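Colleague: I am new to this structure and would like a close look at one part of it. Please take me through its main pocket and whatever surrounds it, in one connected story.

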Amino acid sequence: MFFILFLAAAPFVFYFWPSEYIYNGHSICLFRNLLGTECYGCGMVRALYSAIHLRFAESVTYNMLVIIVAPLLLYVWGKTLYRGIKSEN
C-alpha cells in the first residue's frame with residue numbers, strides 16, 4: 001500500500017518542487033564532474049521538469065531526448081501504478 005501511495009504522489013511532489021533547486025542546483029553527473037563534458041543524460045531532470053510544467057520548447061532545449069524519455073517514463077509509471085493497484089485487490 002505504501003508503494004502505491006509513493007508512486008502516485010511522486011509526480012505531484014516533482015511538480016511542486018521549487019524551481020530554484022532544479023535550475024540552479026549543482027550537477028551530480030559524474031561524467032560531467034570528472035571529465036568536464038556533458039553526457040547524453042545531462043539536463044534531463046530540467047527537461048522533465050519543464051515538460052511537466054507544459055513548457056515543451058524549453059524542455060527540448062535542455063535535452064532533446066526528452067521527446068523519447070517523457071512518454072516512456074509516463075508509460076512505465078502508469079503501468080507500474082496499475083499493476084500495484086491490481087495486486088492489492
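Modeller: Gladly! The largest pocket holds about 500 Å³ of space. Please keep in mind as we go that this is a predicted model. Lining this largest pocket are 18 residues, and those nearest its centre are Leu-48, Ile-52, Ala-70, Leu-73 and Leu-74. Four elements, H1, H4, H5 and H6, each give two or more residues to the lining. H6 supplies the largest share, with 7 residues. Sorted by class, the lining has 17 nonpolar residues and 1 polar residue, with no charged residues.

A good helix to follow from here is H4, one of the elements that line the largest pocket. Helix H4 covers residues 44–52, and its buried residues are Met-44, Ala-47, Leu-48, Tyr-49, Ser-50 and Ala-51. You have already met Leu-48, one of the residues nearest the centre of the largest pocket. The buried residues of H4 pack against four other helices: H1 (2–16), H2 (19–24), H5 (56–62) and H6 (66–88). Just after H4 comes Leu-54, which has a positive phi of about 65°.

Let us pause at two buried neighbours in H4, starting with Ser-50. Ser-50 sits in helix H4 and is buried, because its relative accessible area is 0%, where buried means under 20%. Leaving aside residues up to four places away in sequence, Ser-50 touches Tyr-23, Arg-55, Glu-58, Ser-59 and Tyr-62. Two of those contacts, Tyr-23 and Tyr-62, belong to an aromatic cluster that also includes Phe-14 and Tyr-49.

That brings us to Tyr-49 and the aromatic rings. The model has a count of 5 aromatic pairs. In one of them, Phe-14 and Tyr-49 meet edge-to-face, with 5.5 Å from centre to centre and 85° between the planes. This pair links distant parts of the chain, since Phe-14 belongs to helix H1 and Tyr-49 to helix H4, 35 residues apart. How exposed are the two partners, Phe-14 and Tyr-49? Phe-14 has a relative accessible area of 24%, so Phe-14 is partly exposed, while Tyr-49 counts as buried because its relative accessibility is 4%.

Tyr-49 has a further ring partner in Tyr-23: the ring centres are 5.6 Å apart and the planes lie at 80°, so this pair is edge-to-face. Because Tyr-23 is in helix H2 and Tyr-49 is in helix H4, the pair ties together parts that are 26 residues apart in sequence. Tyr-23 itself is partly exposed, with a relative accessible area of 23%.

Helix H4 leads to another space as well. The second largest pocket has a volume of about 390 Å³. Its lining is made of 16 residues, with His-26, Ser-27, Ile-28, Gly-43 and Val-45 nearest the centre. Here the elements that give two or more residues are H2 and H4. This lining has 9 nonpolar, 5 polar and 2 charged residues, whereas the lining of the largest pocket has no charged residues.

Close by in the sequence are some cysteines worth a look. How many disulfides does the structure hold? There are 0 disulfides. Cys-29 is in no disulfide, and its nearest cysteine sulfur belongs to Cys-39, 3.6 Å away. Cys-42 is likewise in no disulfide, and its nearest cysteine sulfur, again that of Cys-39, is 3.6 Å away. These distances do not meet the cut-off, because a disulfide needs the sulfur atoms within 2.5 Å. Cys-29 is buried, with 16% relative accessible area, and Cys-42 also counts as buried, at 9% relative accessibility.

One last residue rounds off this corner. Phe-31 lies in helix H3, which spans residues 30–35, and Phe-31 is partly exposed, with a relative accessible area of 39%. Setting aside residues up to four places away in sequence, Phe-31 touches Gly-36, Thr-37, Glu-38 and Cys-39. Cys-39 is the residue whose sulfur is the nearest cysteine sulfur to that of Cys-42. Phe-31 and Cys-42 are 11 residues apart along the chain, with 9.1 Å between their C-alpha atoms.

Definitions and conventions
Residues are numbered from 1 along each chain as its sequence is written. This is a predicted model: local features need pLDDT of at least 70, side-chain atom pairs count only at pLDDT 80 or more; totals for chains, interfaces and linings use all residues. Side-chain values use heavy atoms; hydrogens and water are left out. Buried means under 20% relative accessible area, exposed over 50%, partly exposed in between (1.4 Å probe, protein chains only). Contact means heavy atoms within 4.5 Å. On a 1 Å grid over the protein atoms alone, a cavity is a set of points where a 1.4 Å probe fits but cannot get out, and a pocket is an open set with protein on both sides within 12 Å along at least five of seven lines; lining residues have an atom within 4 Å of a point. Grid points are joined across faces, edges and corners, and a volume is the space filled by probe spheres set on the points. Ala, Val, Leu, Ile, Met, Phe, Trp, Tyr, Cys and Pro count as nonpolar, Asp, Glu, Lys and Arg as charged, and the others, Gly among them, as polar. Rings of Phe, Tyr and Trp (its six-membered ring) pair if their centres lie within 6.5 Å; planes under 30 degrees apart count as stacked, over 60 as edge-to-face and the rest as tilted.
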